[in-house]
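Good morning, colleagues. I would ask you to have the sequence and the model open while I speak, as I shall move through the fold strand by strand.

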Amino acid sequence: MGISNTFHFAWLEETIKPIRAEIRESLPKKPLVLGIGENEPSQFLIHLLDGMDYKYQACDLFPLNDKVVVCDINDLSPLFGKVRADVVCILRSSMFIKNKHSFFLQLKKLLAPNAYLFMDLLIGSSTLPVLDFRYADRRSLYAHDPDRPEYFQSSFFDDRLLQEFRAEVDAFCQHARRWPLETQIKYLRRSPKFFFRDAYSLRGLTPENLGDSLHEYLPEQSIFSLKDIRDAGFEILGFGSRYFYPYVKKFSLYNFIAARYRAGN
Ligand SMILES: C[S@@+](CC[C@H](N)C(=O)[O-])C[C@H]1O[C@@H](n2cnc3c(N)ncnc32)[C@H](O)[C@@H]1O
């Protein structure tokens, strides 16, 4: 993910900074960290737990080594009874979640009391500022194995976005209303048939109607909010949103949540 990594992880560290010391102090000795949709500890985790002793378990549908548990984010049962995590990281893989309700029911079976959850969720794909994760007639996907493409499914919206990160949401909506010229030319060349349908399809999009618009494109089960996370028994500790286009020319509006599991104590 090249240059995106630099900006992404710097932003996560910035968001977590005010609570980093508190998190480190409150963790049990040698906490168990579960990484979902990853093969190794991320830079975020390495920085968060720098100098601390911890156990780490990764799970991923496309494992890159034999220490990783083979597991679909939509079916966490291979981990049941084996993992009681003190920290769970779900970075740049939440878009594969098909149903937030069944996801939380399963996730909760894997958590120790007071476990921390660090999760990012995106609006729009990296290739286009659209709400339904499409590029012409193709859905955004992860194609590690061409025979088993994993499609983007889930997105995010919460009113706090508008209250606290207005400039980021504005920048995303502005691009959704009118794609940058470079993007228009690229799309026109690659998918002329869809250009007039798509290039201006979100021309009425504003921060105020972003939530409703997302619900027109995606089913309720695929749109996370902070309320969903609270309803699942978590306390929200940190929240951030960032539009990285000016740095990496990718259109996703990223949302990051740091939360602590308060139910199940
Ligand atoms: C964009 S990469 C992110 C990797 C890592 N979390 C990071 O932030 O650097 C997406 C990851 O999700 C994994 N993945 C794709 N579909 C998945 C699924 N349905 N269940 C679990 N993992 C999946 C991919 O194999 C890949 O490791």
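How many bridges join β4 to strand β5, and do they run parallel or antiparallel? There are 5 bridges between β4 and β5, residues 111–123, and the two strands run parallel. Please bear in mind throughout that this is a predicted model.

Let me stay with β4. This strand covers residues 85–90, and 6 of its 6 residues are buried. On the β5 side, V88 has L117 as its bridge partner. Towards strand β1, residues 32–36, β4 is joined by 3 bridges, and this pairing is parallel as well. There, G35 stands opposite C89 of β4. The connection from β4 to β5 involves helix α3, residues 100–107, and the three elements make a right-handed β-α-β unit.

I turn now to β1. The strand is largely enclosed by the rest of the structure, because 4 of its 5 residues are buried. With β2, β1 pairs in the parallel sense over 5 bridges, and I36 is found opposite C59 of β2. Here too we have a right-handed β-α-β unit, made by β1, helix α2 (residues 43–48) and β2.

As a general reminder, strands of a sheet pair through backbone hydrogen bonds, in either a parallel or an antiparallel manner.

We can now place these strands in the whole sheet. It is an open sheet of 7 strands with mixed pairing, in the order β3-β2-β1-β4-β5-β13-β12. Its edge strands are β3, at 69–70, and β12, at 234–243, each of which pairs on one side only. At the β3 edge, strand β2 (residues 55–60) is joined to β3 by 2 bridges, in parallel. C59 reappears at this point, standing opposite V69 in β3. Helix α5, residues 166–177, packs on the sheet and touches β5, β12 and β13 (253–261). The direction of α5 makes about 50 degrees with that of β12.

Next, a residue outside the sheet. I23 belongs to helix α1, which spans residues 2–26. Is I23 buried or partly exposed? I23 counts as partly exposed, because 18 C-beta neighbours lie inside 10 Å, whereas a buried residue needs 20 or more. Leaving aside residues up to four places away in sequence, I23 touches L48 and Y116. I23 and V87 are 64 residues apart along the chain, and their C-alpha atoms are separated by 10.0 Å.

Two backbone conformations merit comment. Most residues other than glycine have a negative phi. K30, however, has a positive phi, near 50 degrees. K30 lies in the loop between α1 and β1, and K30 is exposed because 10 other C-beta atoms lie within 10 Å. The second case is N114, whose phi is also positive, near 65 degrees. N114 sits in strand β5, and N114 is partly exposed, with 15 other C-beta atoms within 10 Å.

Finally, the ligand. Which residues come nearest to the ligand? Of the 17 residues around the ligand, they are G37, E38, I73, R92 and E150. By character, the shell divides into 6 nonpolar, 6 polar and 5 charged residues.

To close, I would return to the order β3-β2-β1-β4-β5-β13-β12 as the frame for the discussion. Thank you.

Technical notes:
Residues numbered from 1 in each chain as written. Predicted model: local features only at pLDDT ≥ 70, side-chain atom pairs only at ≥ 80, totals over all residues. Near = placed C-beta within 6 Å. Nonpolar A, V, L, I, M, F, W, Y, C, P; charged D, E, K, R; others polar. Buried ≥ 20, exposed ≤ 12 C-beta atoms within 10 Å, placed from the backbone. Contact = placed C-beta atoms within 7 Å. Pairing = 2+ DSSP bridges. Right-handed = clockwise from strand over helix to strand, strands pointing away. Axes fitted to C-alpha atoms, helices over the stretch in contact; angles between N-to-C directions.
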